[in-house]
Amino acid sequence: MKQQSMIDVKNVTAAYGALTALNGVSLNVQKGEIFGLLGPNGAGKTTLLASVEGLHKPKQGDVHVGGISVQADPVATKRQLGIQLQKTALLDDLTVAELVEVYAALYEVYLTSKEIDSLLARFDLVEKRNTLARRLSGGQQQRLALAVAIANDPQIVLLDEPTSALDPHARRAVWDIVRQLHDEGRTIVLTTHAMEEAEALCGRIAIIDRGQIVACDTPSALIANLKLNSMLKATVELPLDQVRALPEVSAARYTGQYLEVESARPEVTLTALHELAARSGRSVRDVALRQPNLEDVFLKLTGRALVESN
Amino acid sequence: MKRFLILTKAMTLMHLRNGYVLFWNFAFPVLLMVIYGAIMSQFMDYMTPGVIVLNALSFGLVSSSTMMLEMREKGVLRRLQATPLPAVQLIGSYLLVNIVIGVLQSALIIVAGVLLYKVNVTAMGLLIAYPMILFGLLAFMALGGIISGVSAKSGSATAIGMTIYFLLMFISDMIFPLDMLPNWLQNVVPYLPAYPVAQLVRSAMLEATLDPKWMTHILLLLAYGIGATFIAAKLFRWEPKT
C-alpha cells in the first residue's frame with residue numbers, strides 16, 4: 001500500500017538571531033503514524049514544530065503539510081493542524097465549554113452544545129464544562145489543551161511535550177488520549193525528552209540534538225541498528241579490571257554501590273561473574289538485567305545522556 | 001462573520017470576568033467623579049467634560065491594551081497565531097469590545113455627575129458630545145497601540161502610558177487653563193491629541209454646540225488616529241520581546 005506523506009520537512013535551517021536552532025533538518029511523517037521528536041531541551045524540537053505550524057519562518061528549506069507549502073499558504077496548512085503548544089496558554093477567563101467553542105470557531109468549525117459535551121466527555125471534562133479554565137488543575141488543563149487541539153477535527157495533531165510537568169497518573173491519562181487519537185486515524189507528531197514516553201507511544205522516532213536529526217527509525221530498529229549491549233546490574237565488590245576481562249563484557253563501571261556491566265550475552269557474563277565472585281569469597285546480590293533503550297541510543301549517538309543534558 | 005461574533009462574545013466575557021479590568025474600567029471612572037466632586041462640587045458642570053476626556057485618555061493609552069498585553073505575555077496570542085484566525089479579526093474584535101467599554105465609561109461618568117452633583121446635561125449636548133468622545137477614544141486607543149508595540153512588558157507599557165497621560169492631563173486645558181502655560185507651550189498644546197478632544201467635548205456638553213474650530217480639531221484627531229493605527233499595526237507582535 002502506498003504511504004501518504006502528511007508532513008514533509010526538507011533541509012530546514014532556522015535561527016533566532018545568531019543562534020542556529022535547526023541545521024539542515026529533513027524528515028517525513030506518514031499518514032496515521034505517531035511520530036516522536038526525542039531530544040533534550042534546546043535541541044530544536046519546538047522550533048521544528050513551530051516551522052510546521054507556521055509560527056517560525058525558517059531561514060532556508062521547505063515545509064509541506066498535506067502537500068501544501070507552509071510558507072506559500074499558511075492559512076490552508078493551519079486548517080489541517082490541531083495544535084497543543086509546550087506552554088498551555090488559553091483564554092483562561094473563559095469556561096471549558098466556551099473555550100472549546102471559541103477555538104473550534106477560529107477554524108470556522110461551529111460546534112453545538114451537544115458536540116462540545118461529547119468532545120469534553122472524551123477528555124473526562126464534562127463535569128468541568130462551566131468551570132473557568134484558570135481554575136483547572138495542571139492535568140485537567142493539559143487535557144483541555146488536547147481537547148482544544150482537536151476541536152477542529154484535524155487529521156494531523158502536533159503535541160509539544162504534552163506530558164511535561166504532569167504527575168505519573170495524569171501522564172498515563174494523556175498517553176491514553178494520544179493512543180485514542182491515533183486509533184481514529186489521525187497522524188500525530190509529539191515532542192518529548194522522556195525516553196519512556198517516546199518508547200510507549202511512537203511508531204517512529206527522530207532523535208534530535210543541537211538542531212540536527214541524528215537518527216530516525218522505529219524504536220526497536222534504532223536500538224537494534226546500533227547493536228547495543230544489555231546492562232547487568234548487581235551488588236558486588238570486585239576489581240573492575242577483572243570484571244572487564246570476563247567473557248562478552250564491553251564495559252564495566254561502578255555507579256554508587258552498584259556494579260554495571262555491559263554485555264552482548266548477559267547470561268554468559270553473569271555465570272562468569274558468579275564464578276569470579278566465588279573465587280574472591282564474595283557473592284553477587286540484587287542482580288537486574290536491563291535491555292538497551294532509547295536513552296542508550298541517545299548516549300551512543302551524541303556522547304551525552306538524554307536526562308543529564310536537560 | 002460568525003467567527004468574529006463568537007470571538008467578540010469571548011472577548012466581552014473575558015473583560016467582564018477580569019477583576020482588574022472591571023475595577024479600572026467601571027469603578028474607577030465613578031471614583032474619579034467622587035474625588036473631583038469632593039474637591040470642587042460647585043464646578044462639576046465645568047469639570048465633568050474634563051473628567052470624561054481624562055478618563056478616555058487613560059483608558060486609551062493604558063487600560064484598553066492591558067488585556068492584549070497580558071495575552072501576549074502569557075503566550076495566548078501565540079496560540080491564537082497557530083490558528084487560521086486573521087490578525088485583523090482578532091484586533092477588530094478586541095477594539096470593538098474596548099470601544100464599547102470606553103463609551104460605557106463616559107456614560108457612567110455622566111450618570112454619576114447627574115445623580116451625585118446635578119450636572120446639567122441636555123440631549124442635544126450629548127448628541128454632539130458622543131461622536132467627539134468617540135473620535136477621542138479612537139485616537140487615544142491607537143496611541144495606546146503604539147505604546148503596547150514598543151513595550152517589552154505590560155509594566156513598561158503602563159509606565160510609558162501613565163507618563164504621557166499625566167503630561168497631557170496638566171497641559172491640555174483640562175486641569176489648568178491654557179493661558180497659565182508658558183507661551184511656547186501654548187503654541188504646541190493645540191496640536192497634541194488631548195487638547196482638541198477637551199475642546200470638542202466641553203463645548204458640546206456645556207453649550208450644546210460645536211467648538212468654533214471643530215473641523216481643525218477633528219482633522220487633527222483623524223490624523224492622530226490613522227497615523228497611530230498604521231504605526232501600531234506595524235508594531236503589533238504575537239509574542240513578547242525576547
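Start with the largest nonpolar core of this predicted model, which holds 147 residues, and select Leu99(A), Val100(A), Ala147(A), Val148(A), Val53(B), Val197(B) and Val201(B), the members that touch the most other members. Colour helix H7 of chain B (residues 123-150) next, since the largest share of this core, 14 residues, comes from that helix. In soluble globular proteins, nonpolar side chains tend to be buried together.

From this group, centre the view on Val53(B) and display what surrounds it: leaving aside neighbours within four places in sequence, Val53(B) is in contact with Gly136(B), Met174(B), Ala194(B), Val197(B), Ala198(B) and Val201(B). A second core, separate from the large one, has seven residues and includes Leu232(A), Ala252(A), Leu259(A) and Val261(A); keep these four selected for a later stop.

Stay with H7(B) for a moment and select Ala123(B), which is found in that helix. Is Ala123(B) buried or exposed? Ala123(B) counts as exposed, because there are 8 C-beta neighbours inside 10 Å and a residue with 12 or fewer falls in that class. Add Met205(B) to the selection and draw the distance between the two C-alpha atoms, which comes to 9.3 Å although the residues lie 82 places apart along the chain.

Now move to Asp173(B), in the loop between helix H8 (154-171) and helix H9 (183-188) of chain B. Asp173(B) is not a glycine, yet its phi is positive, at about 65°. Most residues other than glycine have a negative phi. The surroundings of Asp173(B) hold 21 other C-beta atoms within 10 Å, and the residue is therefore classed as buried, for which 20 or more are needed.

Next, show both chains and select the residues at their interface, where 19 residues of chain B are in contact with 21 residues of chain A. On the chain B side, the elements that give two or more residues are helix H1 (2-16) and helix H5 (76-81), and H1(B) gives the most, with seven residues. If you colour this side of chain B by residue class, you will find nine nonpolar, four polar and six charged residues.

Hide chain B and take chain A as a whole. Chain A has eleven helices and 14 strands, and its C-alpha atoms fill a box of roughly 75 × 45 × 45 Å along the principal axes. Of its 310 residues, 43% are buried, and among contacts between residues at least 6 apart in sequence, 65% join residues at least 24 apart. Colour domain 1 (5-224) and domain 2 (229-291) of chain A separately; the centres of these two domains, taken over C-alpha atoms, are 43 Å apart.

Within chain A, select the open sheet of four strands whose order is E12-E13-E11-E14, with antiparallel pairing. Which strands stand at the edges of this sheet? Strand E12 (249-255) and strand E14 (285-290) of chain A do, each having a single partner strand, so that one side of each is left without a neighbour in the sheet. From one strand to the next, the twist averages 15°. Look then at the pairing of strand E11 (residues 230-235) of chain A with E14(A), which is antiparallel and extends over four bridges; in E14(A), Ala288(A) is the bridge partner of Lys233(A). Helix H10 (residues 266-279) of chain A can be added here, as it lies across E11, E12, strand E13 (258-263) and E14 of chain A and runs at about 25° to E11(A). Leu232(A), Ala252(A), Leu259(A) and Val261(A), set aside earlier, are among the members of the second core.

Go on to helix H11 (residues 294-302) of chain A, in which Leu294(A), Asp296(A), Val297(A), Phe298(A) and Thr302(A) are buried. The buried residues of H11(A) pack against strand E3 (34-38), helix H7 (195-201), strand E9 (204-209), strand E10 (212-217) and helix H8 (219-225) of chain A. Just after H11(A) comes Gly303(A), with a positive phi of about 75°.

For the last stop, select Asn11(A), which has its place in strand E1 (residues 5-16) of chain A. Asn11(A) is not a glycine but has a positive phi of about 50°. With 13 other C-beta atoms within 10 Å, Asn11(A) is partly exposed.

How values were computed
Residues numbered from 1 in each chain as written. Chains lettered and ligands numbered in written order. Predicted model: local features only at pLDDT ≥ 70, side-chain atom pairs only at ≥ 80, totals over all residues. Domains from an automatic or database assignment. Pairing = 2+ DSSP bridges. Axes fitted to C-alpha atoms, helices over the stretch in contact; angles between N-to-C directions. Contact = placed C-beta atoms within 7 Å. Nonpolar A, V, L, I, M, F, W, Y, C, P; charged D, E, K, R; others polar. Core = buried A, V, L, I, M, F, W, Y, C linked by C-beta atoms within 7 Å.
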